[in-house]
Amino acid sequence: MTRTGASSVNGSVGSGAASGLQRETIAVLDYGGQYVQLIARRVRESRVYCEIFPHDVTAAELSARGVIGVILSGGPASVYDADAPLIDPAILDGRFPVLGICYGMHLMAHVLPGGEVVAEGKREFGPATVAVQDRSGIFDGLGEAERAWMSHGDSVRTLPTGFHAVASTDRLAAAAMSDGSRRFGVQFHPEVAHTPHGAEILRNFVLHVCGAKGDWTPAAFVEESVAELTRVIGDRHAILALSGGVDSAVAAALVARAIGDRLTCVFIDTGMLREREAEQVIATFGPRLRLVPVDAETRFLARLAGVTDPERKRTIIGEEFIRCFEGEARRIGQIDLLVQGTIYPDVIESRAKDSKTSARIKTHHNVGGLPEVMSLEIVEPLRRLFKDEVRRVGAELGIPEDILWRHPFPGPGLAVRVIGELTKERLDILRRADAIFLEELRAADLYRTVAQAFAVLTPVQSVGVMGDYRTYGFLVALRAVTTEDFMTADWARLPYDVLARISARIVNEVSAVNRVVYDISSKPPATIEWE
């Protein structure tokens, strides 16, 4: 079978769409904005289930999915572009409460009678002060003046028939609009942290305007996901790709609750793991789960010999993972399902098939890196959750904190942290440098203060002086970030004395390295990983 045949498994697990449950849903229509997924995350903070839909979804399809309100995302297009993404007009006819954000507001004004959008109108980029004239509806409980984040070139010059301005800025007469009850538009972005009370605006929309109950909790997710997994898997057997990270651990606990001993976890040592990681994973999970370890270092390094392109690395690793799992499935017997701990950021950055407007940033080995032809059907019970949601679900399932708060580790492992060609020697250099970094963060009680930290071995070599001798060694880069959702991230302000100690240890203990730098790039414009 092909992996596309598994979409029915992937798409609805945890949504309550199956097993007789019709969970109230807020739909976010994707118009290609970089913060589309952040909108969904903010809605979920109000304990309301939210899903991303392609912009060309129909009103009938939304109704069939239990949608009680619709949010139109921002996007890079102008409504006057020849190929501008549009909307089923029935979605705007009043049957759903609607909130248009930036491009979403432009679209409402463009489609509804009487509205007019000015291309390259009164542009605003960055922070702005919004004067609120109508402190009801989405602005209920907010002040007369609110800070907000603007990022637009076009603007609404004439409001649609029946709408009135409810907020303005120095440059815009209509920074927000309303029809007085169910339909709203805002020119700014309430989903970002730069709009301090944006979460309250979204909460007002989903709870007060849409009438959501706010009962989507980790416990509810577990209950609904187990019911859905039980229904979808039936009496079949599955293997699960266990890496030892929080995502695969939570997926394992969830699926095990649904199908019990018909789940076998397979841990593949690719030779690209962190120092002593294989031993730690086996010791941690062996007593808890039915675990099969596989030593595949020789196999993976042979396939990756001479490969330097990061996308090619991910594709090879994704395919090789699947072939390893297929081999184990044949050896175990009666296996036709592969469970993966794929989460939302993986899907987003790989340009999932349910997003028709967002650009692919990079391929994740467990999403876009999968081969087209597979003998195993993919089950991804966490693919609609953000990392913080995965951790809350894990806590609900009773997973120990040391696993829940372990820093994320990419599926391709150190392959995407060794820049350039992979060799065992270069992997060993990085392994030791990375271990020193993490050891010192733990010793300084900083491990939990950062969301992710790791070392990168660059292809750069530079001149150094050690013991009065000239050296020509590798440059290691250190990366530590703070983030809540891994969609955006800031570099961690680690103390200088800690960085100095880490640098000194790496240079002294890893003979091939003579220079250490610290990455101070945020995401965006950079990604968290280097490749």
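Reader: Which residues touch the most other members of the largest nonpolar core?

Author: A nonpolar core is a set of buried Ala, Val, Leu, Ile, Met, Phe, Trp, Tyr and Cys residues joined through side-chain atoms within 4.5 Å, where buried means under 20% relative accessible area with a 1.4 Å probe, protein chains only. In this structure the largest nonpolar core has 96 residues, of which Met272, Leu478 and Leu494 touch the most other members. Helix α7 (residues 246-259) gives the most to this core, with nine residues, and a second, separate core of 38 residues includes Val48, Val130, Phe139 and Val206.

Reader: On what footing do such statements rest?

Author: This is a predicted model, in which local features need pLDDT of at least 70 and side-chain atom pairs count only at pLDDT 80 or more, while totals for chains, interfaces and linings use all residues. Residues are numbered from 1 along each chain as its sequence is written, and side-chain values use heavy atoms, with hydrogens and water left out.

Reader: How should I read helix packing, and at what angle do α7 and α12 cross?

Author: Two packed helices are described by the angle between their axes and the distance between those axes. Axes are lines fitted to C-alpha atoms, for helices over the stretch in contact, with angles from 0 to 180 degrees between N-to-C directions. Here the axes of α7 and helix α12 (residues 387-396) come within 10 Å and cross at roughly 45°, which makes α7 oblique to α12, since oblique covers whatever is not under 35 degrees (roughly parallel), over 145 (roughly antiparallel) or 65 to 115 (roughly perpendicular).

Reader: Which residues of α7 meet α12?

Author: With contact taken as heavy atoms within 4.5 Å, Val246, Asp247 and Val250 in α7 meet Lys387, Val390, Arg391, Val393 and Gly394 in α12.

Technical notes:
Buried means under 20% relative accessible area, exposed over 50%, partly exposed in between (1.4 Å probe, protein chains only). Helices (H or I, at least four residues) and strands (E, at least two) are DSSP runs, numbered from the N terminus.
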